[in-house]
Amino acid sequence: MAALQHFNPGTVVEWKLERSSGIQEHIFRYVFWAFKRAIDGFVHCRSVISIYDTRVYGKYDIKLLIAVAVDANVSIFPLAFTICTNESQETWTLFLNHLKEHVVTQRLGICLISDRHGSILSSVQNLPAWKEPYAYHRYCVRHLKANFQKAHPNKDLHDLIWMAATDHQDCKFKRRMESIRQEDQGAYRWLMRHELDKWTLHADGGRRWGILTTNISESFNGLLNMWIAYHCHGVDVIQADGRQNV
């Protein structure tokens with residue numbers, strides 16, 4: 001990390017280390033970093049941040065947390081990263097606090113899009129800086145739909161829930177929901193238990209800028225996985241057309 005900061009002046013790094021009785025060395029728990037160019041560039045991005053986590057495969061069982069924005073050209077703009085020993089409310093709280101302190105800073109009205117992992121929900125709920133009116137938390141509709149389908153595996157509802165989530169008009173949303181209610185009352189009640197502004201466009205208030213999912217952070221995660229596989233493990237990366245990268 002010292003080399004990272006040396007060759008990228010202004011890069012922010014935050015560590016969390018622990019000491020255990022009888023052990024002289026510090027035990028690694030968490031490290032956050034954000035490049036100076038990402039910090040400077042975020043002011044020109046849309047007011048939307050997608051967060052995601054992934055497992056880092058290798059010698060150690062660790063997690064990588066990622067925050068990604070979208071620039072004015074609708075391109076992926078990586079913001080910040082964290083490597084931690086596990087995904088928990090503590091690590092997500094640290095990550096979101098550092099993201100606010102070093103990247104988001106004084107910018108208000110940010111829309112945070114994530115899945116409904118319990119650790120993320122608890123962290124956002126307990127951090128005033130990430131609650132309205134300072135920030136707006138929205139769910140990834142694809143993850144919500146996946147959770148819905150586990151609870152209610154009805155193929156006839158697959159398209160209806162997506163259309164209900166993406167309708168821009170309240171009248172159209174109500175028609176979709178009435179169709180869902182007639183098909184499966186339990187499914188209707190499951191959906192209506194969730195705050196509408198969290199998962200529907202018509203009640204969103206324009207906070208999402210039309211971004212429905214965490215695909216931008218997951219796409220960037222896929223790119224990182226390919227890079228790690230190719231450069232660190234000697235695995236050949238196969239392109240979509242079947243050619244082999246060299």
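# A chat about the sheet, the cores and the salt bridges

Reader: In what order do the strands of the sheet stand?
Author: In this predicted model, 7 strands form an open sheet in the order β1-β2-β5-β4-β3-β6-β7, and the pairing is mixed.

Reader: Which strands stand at the edges, and why does one side of each lack a neighbour?
Author: The edge strands are β1 and β7 (135–139), and because each has a single partner strand, one side of each is left without a neighbour in the sheet. From one strand to the next, the twist averages 20°.

Reader: In what sense do β6 and β7 pair, parallel or antiparallel?
Author: The two strands β6 and β7 pair in the parallel sense, over 5 bridges. Within that part of the sheet, Cys111 stands opposite Tyr136, which belongs to β7.

Reader: And which strands does α3 touch?
Author: Helix α3 packs on the sheet and touches β1, β2, β3, β4, β5 and β6, with a direction that makes about 30° with that of β2. Helix α4 also packs on the sheet, where it touches β3, β6 and β7, and its direction makes about 160° with that of β7.

Reader: Let me stay with α3 for a moment: is His98 buried or exposed?
Author: His98, which has its place in helix α3 (residues 89–104), counts as buried because its relative accessibility is 10%, and the cut-off for buried is under 20%. Leaving aside residues up to four places away in sequence, His98 touches Glu14, Tyr30, Phe32 and Val103.

Reader: Changing topic, how many residues does the largest nonpolar core have?
Author: The largest nonpolar core has 30 residues, and those with the most contacts inside it are Phe42, Ile49, Ile51, Leu79, Phe95, Leu99 and Trp130. Several elements each supply at least two residues of this core, among them β2, α2 (36–41), β3 (48–56) and α4 (118–125).

Reader: Which element gives the largest share?
Author: The largest share of this core comes from α3, with 6 residues.

Reader: What does Leu99 touch, then?
Author: Not counting residues up to four places away in sequence, Leu99 is in contact with Phe32, Ile49, Ala67, Ala80, Val104 and Trp130. Apart from the core of 30 residues lies another core, of 18 residues, which includes Tyr139, Val141, Ile161 and Ala187.

Reader: Now for the charged side chains: how many salt bridges does the structure hold?
Author: The structure holds 12 salt bridges. One of them joins Arg29 and Glu18, whose closest N and O atoms are 3.0 Å apart. This pair links distant parts of the chain, since Arg29 is in strand β2 (residues 27–34) and Glu18 is in strand β1 (residues 12–18), 11 residues apart.

Reader: Which residues are linked with those two in a network?
Author: The network of salt bridges links Lys16, Glu18, Arg29 and Glu90. Arg29 is partly exposed, at a relative accessible area of 27%, and Glu18 is partly exposed as well, at 29%.

Reader: How many residues apart are Arg181 and Glu178?
Author: Arg181 and Glu178 are 3 residues apart in helix α7 (residues 170–183), so about one helical turn separates them. Their side chains meet in a salt bridge at 2.5 Å, N to O.

Reader: And is Arg138 buried or exposed?
Author: Arg138 counts as buried, because its relative accessibility is 2%. Its side chain meets that of Glu132 in a salt bridge at 3.9 Å, N to O, and Glu132 counts as partly exposed, at 45% relative accessibility.

Methods
Residues numbered from 1 in each chain as written. Predicted model: local features only at pLDDT ≥ 70, side-chain atom pairs only at ≥ 80, totals over all residues. Heavy atoms only, no water. Helix = DSSP H or I, 4+ residues; strand = E, 2+ residues; numbered from the N terminus. Buried < 20%, exposed > 50% of the residue type's maximum accessible area, 1.4 Å probe, protein only. Contact = heavy atoms within 4.5 Å. Salt bridge = Lys/Arg side-chain N within 4 Å of Asp/Glu carboxyl O. Core = buried A, V, L, I, M, F, W, Y, C linked by side-chain atoms within 4.5 Å. Pairing = 2+ DSSP bridges. Axes fitted to C-alpha atoms, helices over the stretch in contact; angles between N-to-C directions.
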